[in-house]
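Thanks for coming, everyone. I would like to walk you through some side-chain contacts and one helix packing, with the cut-offs stated as we go.

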Amino acid sequence: MSSESAHRNAAVRRGGRPTREEAARRDIRLLDVATRLFMENGYDGTSMDAVAEAAGVGKPTLYHRYKDKRDLFEAVLTERIEQWISPLAEAAESLNGGAESGNIEGVLDQLSRAMLRHALKPGAAALTRVIAAQKAQFPELAQLAYRQGWLRAVEAVASILRAFAAREPLDIPDARLAAELFLNLIMGTSSRAALYGVEIDPDGLEQRRVGAVRLFLRGIGAARKSSEATP
């Protein structure tokens, strides 16, 4: 293809419908911008016009992708949940696929770090407060966060525990209950701090994380000898 033809085709694309790659980049940009505005200004303080302007797209483009602000906020919420749940889901899938993924101490230590790292991302606490503030107006969004976030995380951790219990003697009579206890031990402090708008001390949070993992491992009979304990 000559350079003239290539230039003409590019011009046609710019003046017509975006390519699949361009549309994907636009959607990522829209969600990034919307997430930032919701975190900074809250739900009520964010408008579709403001999102379109900040993202550099026309309002028809934005409304073609998201029918209203509630629909856009749901997309933001779903994307953030997927970021949080991804390490848990991948670990569960790997273990249940028969992959060797180290010992349970190492896996739970790594997963707890990933969960808290996400919780400490800029704006994560703000988004939690937005969800809480909109619970009365949009209860289905709070239910979405619970089902797609918390319940999926519980099932993923339960699946991980079942996989390890099939390999070694562990005291886990109810994997789902054990998973809930583990997640509450790891996320409880950060979740409450986020909801109340309390600043989280990373060093203190790390100390609690290490203590929580050790306590949980002792509870299921998986703690190493003190000389071999996870630092």
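Let me begin in helix α10, residues 202-219, where R209 and E206 sit three residues apart, about one turn of the helix; helices here are DSSP runs of H or I with at least four residues, numbered from the N terminus. Before going further, I should say that this is a predicted model, in which local features need pLDDT of at least 70 and side-chain atom pairs count only at pLDDT 80 or more, while totals for chains, interfaces and linings use all residues. Residues are numbered from 1 along each chain as its sequence is written, and side-chain values use heavy atoms, with hydrogens and water left out.

The side chains of R209 and E206 meet in a salt bridge, with 2.8 Å from N to O, where the term requires a side-chain nitrogen of Lys or Arg within 4 Å of a carboxyl oxygen of Asp or Glu. R209 counts as buried at 1% relative accessibility, whereas E206 is partly exposed at 30%; buried means under 20% relative accessible area, exposed over 50%, and partly exposed in between, with a 1.4 Å probe and protein chains only. This pair also belongs to a network of salt bridges that links D109, R113, E206 and R209.

How many salt bridges does a search of the whole structure find? The search returns 13, and two further examples are worth setting side by side. In one of them, R36 pairs with E40, the closest N and O atoms being 3.7 Å apart, and these residues, four apart in helix α2 (residues 20-41), are separated by about one helical turn. R36 is partly exposed at 37% relative accessible area, and E40 is exposed at 52%.

In the other, R70 bridges to E140 with the closest N and O atoms 2.9 Å apart, and this pair links distant parts of the chain, from helix α5 (residues 69-96) to helix α8 (residues 139-165), 70 residues apart. E140 is partly exposed, with a relative accessible area of 33%.

Helix α8 also brings us to the packing. The axes of α6 (residues 104-119) and α8, being lines fitted to C-alpha atoms over the stretch in contact, come within 11 Å and cross at roughly 170°, on a scale from 0 to 180 degrees between N-to-C directions. That makes α6 roughly antiparallel to α8, a label applied to angles over 145 degrees. In the contact, meaning heavy atoms within 4.5 Å, I104, V107 and L111 of α6 meet I160, L161 and F164 of α8.

Notes:
Helix = DSSP H or I, 4+ residues; strand = E, 2+ residues; numbered from the N terminus. Parallel < 35°, antiparallel > 145°, perpendicular 65-115°, else oblique.
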